Amino acid sequence: MKRIAVLTSGGDAPGMNAAIRAVVRSGHYHGLEVYGVIRGYTGLINGDIRPLSLRSVGDIIHRGGTILYSARCKEFQTEEGRKKAVEQLRKHEIDGLVVIGGDGSFRGAQKLTALGFPAVGVPGTIDNDIPGTDFTIGFDTAVNTVIDCIDKIRDTATSHERTYVIEVMGRNAGDIALWSGLADGAESILIPESPYDLDDVVRRLKQATESGKKHSIIIVAEGVGSGVEFAEKIKEKLSVETRVTVLGHVQRGGSPTAFDRVLASRMGAKAVDLLRAGEKDKMVAIQNNKLVGIDFDEAFSMKHQPDMELYDLAKILSI
């Protein structure tokens, strides 16, 4: 292993730049040449591969997004497209590839490995929906962004004595909704992993009002459905003044938290270690604060599940 490359793919996540920095500097520390692939698998197919020096990743650890950019690539989903990508890697004499991204990005990395090219994955997604790892890069920052927004919304909710429905991201996972809802004392948290009972939500709202609460916060994960539609259902059942806020892509941006910077740095360096050790077809994971490398097949065979003890705790504490 003399020359490696790194790319970011799928949705951007705060901390991706810290992971890129770690790959580059760890690689150089161990005597490797490191290259960056611009715009993910699209850049890989087009041969947009550039050398990354130690200084090229200076002053990026605190920046959100990704300096390598990201893009969706339909061509890479074809066998012909993947063969083009491998040809470009061979042309640039790359020996191994680090893919920073989510589930779809990892499946692409696995396809490259199946064609004989060593690739490892680093989980970077705000959704925290990659099985096999306790946390993904960007999740902690996204949760803190949501918390900051809810804190502001709670001020106006209190002033006007309203019920606010807040829709958060997460794709098909409810981790962002669960963690932010618990951290901010939401009266109800709706996640796709646990079917909700509308009557129970209404009952909890009534109970809150009867106990003297002047406002309520309901967090809806996007995997459950539209926050606007849910608010309409609440209005039909209960005569309360309701407002809806869809936080959207603000959750993907911003400077990564200390947790995400450290996690990304550890994972990026671990990915380099795996390649140097001759490993392939693996992803870096953190389990009980220890970094491990697990097979893609093992990760794909598992189902993501949030911590349901936190879900139960949130219900208890929101009375």
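This section describes the fold of the predicted model, followed by selected strands, loops and residues.

The chain of the predicted model contains eleven helices and eleven strands. A compact globule of 319 residues would have a radius of gyration near 20 Å, and the value of 22 Å computed for the chain agrees with this expectation. Along the principal axes, the C-alpha atoms occupy a box of roughly 70 × 35 × 35 Å. Of the 319 residues, 53% count as buried. Contacts between residues at least 6 apart in sequence are dominated by long separations, since 75% of them join residues at least 24 apart. The accessible surface amounts to about 14100 Å², and carbon and sulfur atoms account for 47% of this area. With respect to charge, the chain carries 40 positive and 43 negative side chains, and the centres of the two sets are 5 Å apart.

Strand E1, which spans residues 3-8, is largely enclosed by the rest of the structure, because six of its six residues are buried. In a regular strand, side chains alternate between the two faces of the sheet. In E1, Arg3, Ala5 and Leu7 point one way, whereas Ile4, Val6 and Thr8 point the other way, and all of these residues are buried. E1 runs parallel to strand E2 (residues 33-37), to which it is joined by four bridges. Within this pairing, Val6 has Gly36 of E2 as its bridge partner.

A second strand pair is found at E10 (residues 282-287) and E11 (residues 290-295), which are antiparallel and share six bridges. Ile286 is partnered by Leu291 of E11. E10 and E11 form a hairpin with two residues between the strands, and Asn288 in this hairpin adopts a positive phi near 55°.

Positive phi values also occur at two loop residues that are not glycines. Arg39 has a phi of about 65° and is located in the loop between E2 and helix H2 (40-46). Its relative accessible area of 39% means that Arg39 is partly exposed. Glu93 has a positive phi of about 60° and belongs to the loop between H3 and strand E4 (96-101). With a relative accessible area of 52%, Glu93 is exposed, as the cut-off for this class is over 50%.

Two further loop residues were examined for their surroundings. Ile61 is placed in the loop between strand E3 (49-51) and helix H3 (79-91). Ile61 is partly exposed, its relative accessible area being 25%. Beyond its neighbours within four places in sequence, Ile61 contacts Ala18, Arg21, Pro256, Arg261 and Ser265. The C-alpha atom of Ile61 is 8.6 Å from that of Met16, a residue 45 positions away along the chain. Thr136 occupies the loop between strand E5 (119-123) and helix H5 (139-160). Thr136 is buried, because its relative accessibility is 0% and the class requires a value under 20%. When residues up to four places away in sequence are not counted, Thr136 touches Pro123, Thr125, Asn128, Asp129, Ile130, Asp260 and Leu263.

Residues within regular secondary structure were considered in the same manner. Gly268 is part of helix H9 (residues 258-276). Its relative accessible area is 0%, so Gly268 counts as buried. Apart from residues up to four places away in sequence, Gly268 is in contact with Ala19, Ala22 and Val23. Gly268 and Arg25 are separated by 243 residues in sequence, while their C-alpha atoms are 9.4 Å apart in space.

Thr245 is situated in strand E9 (residues 242-246). With a relative accessible area of 21%, Thr245 is partly exposed, since the buried class ends at 20%. Outside its neighbours within four places in sequence, Thr245 makes contact with Ile153, Tyr164, Val165, Ile166 and Glu167. Thr245 and Asp197 lie 48 residues apart along the chain, and a distance of 21 Å separates their C-alpha atoms.

Definitions and conventions
Residues numbered from 1 in each chain as written. Predicted model: local features only at pLDDT ≥ 70, side-chain atom pairs only at ≥ 80, totals over all residues. Heavy atoms only, no water. Rg over C-alpha atoms; globule rule 2.2 N^0.38 Å. Buried < 20%, exposed > 50% of the residue type's maximum accessible area, 1.4 Å probe, protein only. Contact = heavy atoms within 4.5 Å. Areas by Shrake-Rupley, 256 points an atom, 1.4 Å probe, with all protein chains shown as cover. Lys, Arg positive; Asp, Glu negative; His and termini not counted. Charge placed at Lys NZ, Arg CZ, Asp CG, Glu CD. Pairing = 2+ DSSP bridges.
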